[in-house]
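The following exercises concern a ligand site and the cysteines of one structure. Please work through each task before reading its solution.

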Amino acid sequence: MTPTPPRDDTVFDMAIIGAGVIGCAVFRAFVLAGLKVVLVERDADIINGASKANSALLHTGFDAGPGTLELDCVKRGHALYHRIHQRLGLSLIETGAILVAWTEADLAALPGIVAQAHANGVTDVRQLTAEEVRAREPHLAPDLRGGVLVPGEAVIDPWSAPLAYVLQGMANGGTVMRGTEVTGGVQNAGGWTLSTPRGPIRAGVVVNCAGNFGDLVEAIARPSPFEIRPRKGQFVVLDKTATAFANAIILPVPNERTKGVVIARTAFGNLLVGPTAEEQAERRIATVEEPALEALLAQGRRMIPALEHEPVTTTYAGLRPATQFKDYQIEALADRRWITVGGIRSTGLTGSLGIAEYLCTLYEQHFAPLHPLPEPIWPRMPNLTEGLPRPWQQPGRDEIICHCELVTRGEIAAALEGPLPAGNLGGLKRRTRCMMGRCQGFYCTRRVMELCAGRLPGLVEQG
Ligand SMILES: Cc1cc2nc3c(=O)[nH]c(=O)nc-3n(C[C@H](O)[C@H](O)[C@H](O)COP(=O)(O)OP(=O)(O)OC[C@H]3O[C@@H](n4cnc5c(N)ncnc54)[C@H](O)[C@@H]3O)c2cc1C
């Protein structure tokens, strides 16, 4: 085992590159495990990459590849989220999922899907007859052939969770540096000196959590063993009235490449149709295109005909950090004092806590024992979801600024303060839901901008 470098005030035990949901969960885990950790993010705010735009499903792993690291981390992540979400004030909307067979071929695949789920340890998965599916989901098109019930699949708030992980890390002594791109690094006796435009960062171990830039960051330590192939997913968000037409998450029978187009409630009371799966070279920008969105809407309406009359609230797209491999690319390089966490393509929101736990095991195997904090602080997140009380419902509440999403002035003010204030407008939206409703900010932008005046390019270093 390589000895841990001595502590001093300017040296971190660990530097994590990238504050997507993976970096945020890893940051939390290692701070709670007793290390002095810095989380370094290029963008002005956290979760501004792949993690800002996903389906927000907490997966069970029922359909993950048997024996994969992904299966292990998704199952651990699912269990850990259940264990900690209430303490952090995070949502969990236990809708369950129904995988629906629309063709004879789909129907023939169902027993295999149930068998794989059981082999994966998700033993409450069971096949449903067409009548059972219709009884649970009366708005599905009548020509369905049958289905599979996956009780443990759930919906969460995809933004409050990673924010809570970071805030818990900071509350327990971790440091976050935003607006700080790691541009290179040199390994030395004590670990690494990373180069950034804001000066060097010294750390005993570096963790690469750079998402769609994972192979480029990996090249700091070694020729990357994987190549990032960003895979775009476009979505349509339907108005809140559409949620009346789906109880569970409606899944298709998956194919080799993708889990397919899903219909799911959001934690914020809308109904989501998507995503697509489109490979592209561009790593940062995910555009939405009308033909793809029309095709999604057509698929959604084919499955639930009543959606024909439901208006669209908005559309968005995200980029999965896919590679040439199906499984996660996670490795600890003891001699390089480097941990790689790459290719977390389509299950990272769920897998993040499990990956973080797994990395702690790797760290102890390859670097040094960990000494968890005896009594960590547990911050609580404000609720943004529809299922629990929100500030606008409280007696004596202050002015409502965003009338579509019912966001109060106090919520916006709070998001601009605290240990990790919103670093950009996207960060403010993800902390409050302001400007994200039916009018997409048409009515509230001016008031929001007044409240934000001079306060949005957030602080560079906190903690
Ligand atoms: C369409 C779609 C649907 C999905 N649905 C689900 C779902 O329902 N459930 C689920 O569990 N998962 C889902 N996922 C997967 C999940 O969103 C991803 O696995 C996860 O967001 C990957 O997170 P990450 O932290 O690896 O990457 P990112 O979120 O991209 O974070 C990487 C960070 O690294 C930063 N960075 C890069 N280079 C540098 C550098 N040199 N210096 C400093 N910082 C740097 C970037 O700015 C970025 O913030 C979905 C993904 C997509 C796109």
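A polar contact is a pair of N or O atoms within 3.5 Å; within protein, one must be able to donate a hydrogen and the other to accept it, and residues adjacent in sequence count only if both atoms are side-chain atoms. This is a predicted model, in which local features need pLDDT of at least 70, side-chain atom pairs count only at pLDDT 80 or more, and totals for chains, interfaces and linings use all residues. Residues are numbered from 1 along each chain as its sequence is written, and side-chain values use heavy atoms, with hydrogens and water left out.

**Exercise 1.** Identify the polar backbone atoms that approach the ligand.

*Solution.* Step one: an oxygen atom of the ligand lies 3.2 Å from a polar backbone atom of Thr-347. Step two: for Val-182, a polar backbone atom is 2.9 Å from a ligand nitrogen. Step three: a ligand nitrogen is also 3.1 Å from a backbone N or O atom of Ser-55.

**Exercise 2.** Describe the shell around the ligand.

*Solution.* Step one: the ligand is surrounded by 40 residues (a heavy atom within 4 Å), and Glu-41 and Ile-344 are among the closest. Step two: the classes are 19 nonpolar, 15 polar (Gly among them) and 6 charged (Asp, Glu, Lys and Arg).

**Exercise 3.** Determine how many disulfides the structure holds.

*Solution.* Step one: a search of the whole structure for cysteine sulfur pairs within 2.5 Å finds 0 disulfides. Step two: Cys-404 is in no disulfide, and its nearest cysteine sulfur, that of Cys-439, is 3.8 Å away.
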